[in-house]
Every structure is written in C-alpha cells, then in structure tokens.
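Hi,

Here is the structure I promised to pass on. Have a look at it first, and then read my notes below.

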Amino acid sequence: MQTTSKNSSQYPLPARIPRHIAIIMDGNGRWAKQRGMPRLFGHRAGTENLRRVLEAAVEFGVERLTVYAFSTENWNRPEDEVTGLMLLVEDMIDRELNNLHKNGVQLRHIGREDRLSEHLREKVHRAVEKTRNNTRLILNIAFNYGGRDEIVQAIKHIIDDGISAEQITEELVSSYLYTAGQPDPDLVVRTSGEVRVSNFLIWQSAYAEWYFTPKYWPDFDKDELYKAIIHFGDRERRFGMVSEQIQTP
Ligand code: IPE
Ligand code: IPE
Ligand code: MG
C-alpha cells in the first residue's frame, strides 16, 4: 500500500482515499439491548457517535459524508421509537448546529419532507440555510429517505417537466434525484453485520465499493473508519474494464 505522510503518523493514509463515503448507521437497537437498555438509548449513543465519526472524516480528508438516519420504511416501527427518533434529530440540530457551522460543515437533507412535523421541517431548513456556504465537509443526512421512493419522485418530476423519452439519459435521471449535482459515493459502509442495501442510494451506489463490519454503529469509531478507508485504498475499481486499462503509468 502506498502511503502519504499528510496525516498524523498514527493514521497513515493510502494514496487514494474515498472522497465521498456513505454510511448505513445500523445496530443501535442491538447495541442498547446488549446493555439491557431501551432502544432509544442506543439511538442517542448513535447520534453522539456521528459527531465523532464526522470529526475523524474531516481529519482524514473525506469531502462528503452521506448518512442513513431514517428510512421511509422506519415509519413502520413502534410509535414510541419513531417519536423518539424525531425528537432526537431535533435535539441534535439544537445542540450541534453551531459547532458544525463553526467547523465548516455544510448540512444537506436528502429524503422526503412530508410526514416530518412542521416544526422539524423548519428546523432542518434553518440548519441547511445557515451552513449552505460551508465547504470543509458536506454532510448529507438521509432522513425519511428511500431509494425507490427517490426514483419514483424523480420519474414524476421528469413527466411533470414534459421531458421526452429521447431526452432521458443517466445524467438527466441523476439530476432529478435528491443528490442532484453531487458525486456518487465511492465507498458505502454498513455497520452491525447486516449485508443488505435496505433501500439506500440504490441508484448512486451502482459502482461504489462496499464495506461491511460487524461493529454496531455506536462502536464504529475513528479506528473503524480508518480501516474502511484502508480497505478502499486496497481495492481496484475497474468500472467494467480490465486491470491493464485502468492502471496509471
Ligand atoms: C439503526 O439502528 C438506526 C435506525 C434504523 C433509525 P437500528 O435501530 O436499526 O438497530 P438494530 O438494527 O435494531 O440493532
Ligand atoms: C436501515 O437500517 C436504515 C437506517 C440505518 C436508517 P434498518 O435497520 O432499518 O434496515 P433493515 O430493516 O434491517 O433492513
Ligand atoms: Mg437495523
């Protein structure tokens, strides 16, 4: 593995690091259960962990992080868990916004706005507005997000805009997704040992590298993120070609 010495010596980085990492933050419930605690205790620990992972991502030079925080299917969970998760995200915005802003993080929301309370919707808008000119790291929060739903919404808008069949290209479809204008993730991480997509970025991750770890999300720390980055650095992305075509002289 080729390394550069740009980073602190403890974490030598590979020459190629993922500029955009997407994370399915899974395992909060099991983490709490292991400790004999209610699921929301795990969700709270998960939110705190996001702050730590964010700091590590900035340190490693990651430019963009997309985190799966609440799926369109998560509405089917017990009502008290859903309510608790909504309150937790409000609380996170209240507590973390100034700090995120100070650290140059640009917040974006990807997902549907309907079903979010008026209150939460306004809070999200304010957070997005406040941080819109920050450039250090872009943090996409996938909240009330579903990959299939995103594609369905895109198709509706494409039809509403009177786009003809001949005009439809992959680029055009991409430009109608919640992630319009953003590069696709290079690396998708899923914690908690589950090896499935669960409706996350199904269009955008077409050529992403995947990294699965048994760690529950609240335990996924800086060292774990580092391991995922190293894993990515060791992979050869061929995009359908053969090795010889992509090896740079
Ligand atoms: C991920 O943790 C967070 C959300 C889906 C909101 P889980 O709540 O899915 O935790 P497990 O998978 O039940 O352990
Ligand atoms: C995916 O996790 C959604 C989030 C992490 C927000 P789930 O725990 O909801 O996924 P499944 O139900 O195990 O597929
Ligand atoms: Mg889960």
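I'll start inside the protein, with the second largest cavity: α2 and α3 each contribute at least two residues to its lining. Bear in mind throughout that this is a predicted model. Of the elements involved, α2 gives the most to this lining, with 4 residues. The full set around the second largest cavity is T47, L50, R51, L54, M92, E96, L100 and L139. By class that comes to 5 nonpolar, 1 polar and 2 charged residues, and the volume of this cavity is about 70 Å³.

How many cavities of 30 Å³ or more does the structure hold? There are 3 of them. The largest cavity has a volume of about 140 Å³. Its lining is made up of V89, M92, I93, L107, R108, H109, L116, V124, A127, V128, I141 and F143. Two or more of these residues come from each of α3, β5 (105–110), α4 (118–130) and β6. The lining of the largest cavity has 10 nonpolar residues, with 1 polar and 1 charged. You may spot a name that turns up twice: M92 is listed for the largest cavity and also for the second largest.

Now for the open space. The largest pocket holds about 640 Å³. It is lined by 30 residues, and those closest to its centre are M25, N28, Y68, A69 and N74. At least two lining residues come from each of α1 (28–34), α2, β4, α3 (79–102) and β6 (137–145). By class, the pocket lining splits into 14 nonpolar, 9 polar and 7 charged residues.

Then the ligands. Around ligand 1 you will find M25, D26, G27, N28, G29, R30, R39, H43, A69, N74, R77 and L85. Three distances to oxygen atoms of ligand 1 should be handy at the bench:

- R77: a polar side-chain atom lies 2.7 Å from an oxygen of ligand 1.
- N28: a polar backbone atom is 3.2 Å from an oxygen of ligand 1.
- G27: a backbone N or O atom is 3.3 Å from an oxygen of ligand 1.

Ligand 2 has I24, M25, D26, Y68, A69, F70, N74, R77, R190, R196 and S198 around it. Here the polar contacts I have for you come from side chains:

- N74: a polar side-chain atom sits 2.9 Å from an oxygen of ligand 2.
- D26: an N or O atom of the side chain is 3.2 Å from an oxygen of ligand 2.
- R190: a polar side-chain atom is 3.3 Å from an oxygen of ligand 2.

Some residues serve on both lists: M25, D26, A69, N74 and R77 are among those around ligand 1 and also among those around ligand 2.

One last residue, E63. It is found in the loop between α2 (39–60) and β4 (64–71). Is E63 buried, exposed or partly exposed? Its relative accessible area is 39%, so E63 counts as partly exposed. Beyond its neighbours within four places in sequence, E63 is in contact with R19, R136, L137 and I138. As for I24, one of the residues around ligand 2, E63 is 39 residues from I24 in sequence and 18 Å from it in space, C-alpha to C-alpha.

Shout if you'd like to go through any of this together.

Cheers

Key:
Residues are numbered from 1 along each chain as its sequence is written. Chains are lettered from A and ligands numbered from 1 in the order in which they are written. This is a predicted model: local features need pLDDT of at least 70, side-chain atom pairs count only at pLDDT 80 or more; totals for chains, interfaces and linings use all residues. Side-chain values use heavy atoms; hydrogens and water are left out. Buried means under 20% relative accessible area, exposed over 50%, partly exposed in between (1.4 Å probe, protein chains only). Contact means heavy atoms within 4.5 Å. On a 1 Å grid over the protein atoms alone, a cavity is a set of points where a 1.4 Å probe fits but cannot get out, and a pocket is an open set with protein on both sides within 12 Å along at least five of seven lines; lining residues have an atom within 4 Å of a point. Grid points are joined across faces, edges and corners, and a volume is the space filled by probe spheres set on the points. Ala, Val, Leu, Ile, Met, Phe, Trp, Tyr, Cys and Pro count as nonpolar, Asp, Glu, Lys and Arg as charged, and the others, Gly among them, as polar. A residue is near a molecule or strand if one of its heavy atoms lies within 4 Å of it. A polar contact is a pair of N or O atoms within 3.5 Å; within protein, one must be able to donate a hydrogen and the other to accept it, and residues adjacent in sequence count only if both atoms are side-chain atoms.
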